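Visitor: I should like to go through this model with you, one topic at a time. Could you show it first?

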Amino acid sequence: MRAQFVMSEIGVGLRRNLTMTFAVIISVALSLALFGGSLLMRDQVSAMKGYWYDKVNVTVYLCNKSDAQDAAEAAEAAKNDAAGSGGGGGGAGKACAKGAVTPEQKQQIEADLKKLDLVQKVTYESSDEAYKHYKERYGQTALASVVTPDQMPDSFRVKLKNPEKYQVITSMFAGRDGVQSVADQSSEVDNLFSLLGTLNWAALGIMMIMLIVALLLIVNTVRVSAFSRRRETGIMRLVGASGFYIQVPFIMEAAVAGLIGAGLACVMLGAGQYFVIDHGVDLRHKLELINFIGWDSVLTKLPLVLVVGLLMPSLAAFVALRKYLKV
């Protein structure tokens with residue numbers, strides 16, 4: 001009998017404040033959709049980091065005769081400029097100023113690379129192999145016709161166990177005798193992840209604003225509902241009903257509205273995965289360079305969205321009732 005009374009009161013409350021209940025549902029749905037979306041964005045960034053960082057190699061380019069000649073010419077030009085202006089000599093051309101890499105230097109660099117714990121694999125590429133790869137990739141360009149094998153540097157391709165520690169290789173080998181430069185592809189990847197991280201924080205900020213709006217709407221809805229039923233609650237108080245028994249219908253109203261909003265948020269998240277990622281727009285096949293997350297990530301977030309959608313309005317209603325419904 002008591003359960004039937006509580007359920008009837010919930011229905012009465014929801015119908016009596018229909019417009020505000022609708023506003024609560026929509027605001028909760030949008031805020032929780034952003035909440036779930038931000039969680040999925042974090043998973044997406046983590047998946048992309050694992051995918052792209054695994055492909056990031058550090059390349060140690062070695063000095064060849066052409067580099068040594070260029071360095072000598074640059075050093076001579078800097079010396080002449082300094083003498084003409086009366087200032088100090090410039091730092092240009094220092095990388096290969098001591099000449100092309102020697103076989104002993106090459107062996108020592110390779111040995112030092114392989115001794116590092118963070119290095120997974122070291123692959124040597126000769127100038128002839130580099131020239132062959134260059135022709136395969138850029139053979140149709142005008143520059144490819146004037147490039148010769150002796151202009152291509154020998155190099156060591158270094159695959160790291162933890163690609164995020166590429167700076168260690170740079171700090172140890174940049175400027176070393178026989179080393180022209182140390183390069184990696186991480187700067188482009190870091191810029192991408194920085195952008196994704198900024199978008200994620202923006203989504204979190206919008207989510208917080210929407211949650212605050214939803215909480216304020218819930219509090220106002222509870223206030224209006226409690227005021228419109230002040231006579232009923234007064235009678236219940238006179239006949240000895242407990243404070244919790246009087247508060248339950250109001251809390252349940254907020255919980256039902258929040259749960260409906262959470263259900264809509266789950267539908268939006270599922271629809272986004274289905275229509276944007278997997279089908280419809282079909283980004284998974286149109287952007288094959290991006291390792292998109294799958295349904296397993298989405299399904300693990302839906303229970304959390306439902307729990308938050310149930311508990312957040314219930315707690316907000318409970319706090320509001322302690323202030324606006326004196327029982």
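Guide: L30 makes a suitable start: its relative accessibility is 39%, so L30 counts as partly exposed (buried is under 20% relative accessible area, exposed is over 50%, and partly exposed lies in between, with a 1.4 Å probe and protein chains only). This is a predicted model, in which local features need pLDDT of at least 70 and side-chain atom pairs count only at pLDDT 80 or more, while totals for chains, interfaces and linings use all residues. Residues are numbered from 1 along each chain as its sequence is written, and side-chain values use heavy atoms, with hydrogens and water left out.

Visitor: Which element holds L30?

Guide: L30 is located in helix α2. Helices (H or I, at least four residues) and strands (E, at least two) are DSSP runs, numbered from the N terminus.

Visitor: And which residues form the nonpolar patch on the surface?

Guide: L30 belongs to that patch, together with F22, I26, I260, L264 and M268, and their accessible area together is about 510 Å². Helices α2 and α9 each contribute at least two of the patch residues. Patch members have over 30% relative accessible area and no salt bridge; nonpolar side chains (Val, Leu, Ile, Met, Phe, Trp, Tyr) are joined within 5 Å, like charges within 9 Å. The areas come from the Shrake-Rupley method with a 1.4 Å probe, and for residues only the protein chains shown count as cover.

Visitor: Let us turn to pockets. How much space lies in the second largest pocket?

Guide: The second largest pocket holds about 450 Å³. It is lined by 23 residues, and G37, L40, M41, Q44 and I277 are the closest to its centre. On a 1 Å grid over the protein atoms alone, a pocket is an open set of points where a 1.4 Å probe fits, with protein on both sides within 12 Å along at least five of seven lines, whereas a cavity is a set from which the probe cannot get out; lining residues have an atom within 4 Å of a point. Points are joined across faces, edges and corners, and the volume is the space filled by probe spheres set on them.

Visitor: Which element gives the most to that lining?

Guide: Helix α2 does, with 8 residues.

Visitor: And what is the lining made of, by class?

Guide: The lining of the second largest pocket has 17 nonpolar residues, 6 polar ones and no charged ones. Here Ala, Val, Leu, Ile, Met, Phe, Trp, Tyr, Cys and Pro count as nonpolar, Asp, Glu, Lys and Arg as charged, and the others, Gly among them, as polar.

Visitor: Is L40 close to anything remote in sequence, and what separates it from T300?

Guide: T300 and L40 are 260 residues apart along the chain, yet their C-alpha atoms are 9.8 Å apart. T300 sits in helix α11 (residues 295-324) and is exposed, its relative accessible area being 52%.

Visitor: New topic: how many salt bridges are there?

Guide: The structure has 7 salt bridges, each a side-chain nitrogen of Lys or Arg within 4 Å of a carboxyl oxygen of Asp or Glu. In one of them, D154 pairs with K106, with 3.0 Å between the closest N and O atoms. D154 lies in the loop between α5 (127-138) and β3 (155-160) and K106 in helix α4 (residues 103-115), so the bridge ties together parts 48 residues apart in sequence.

Visitor: Are those two buried or exposed?

Guide: D154 is buried, at 14% relative accessible area, and K106 is partly exposed, at 21%.

Visitor: Which residue pairs with R157?

Guide: R157 forms a salt bridge with E125, the closest N and O atoms being 2.9 Å apart. This pair links distant parts of the chain, R157 in strand β3 and E125 in strand β2 (residues 119-125), 32 residues apart. E125 is buried, at 8% relative accessible area, while R157 is partly exposed, at 29%.

Visitor: And which residues are linked in a network of salt bridges?

Guide: D112, K115 and R176 are. D112 and K115 meet at 3.5 Å, N to O, and both lie in helix α4, 3 residues apart, about one turn of the helix. D112 is buried, with a relative accessible area of 13%, whereas K115 is exposed, at 61%.
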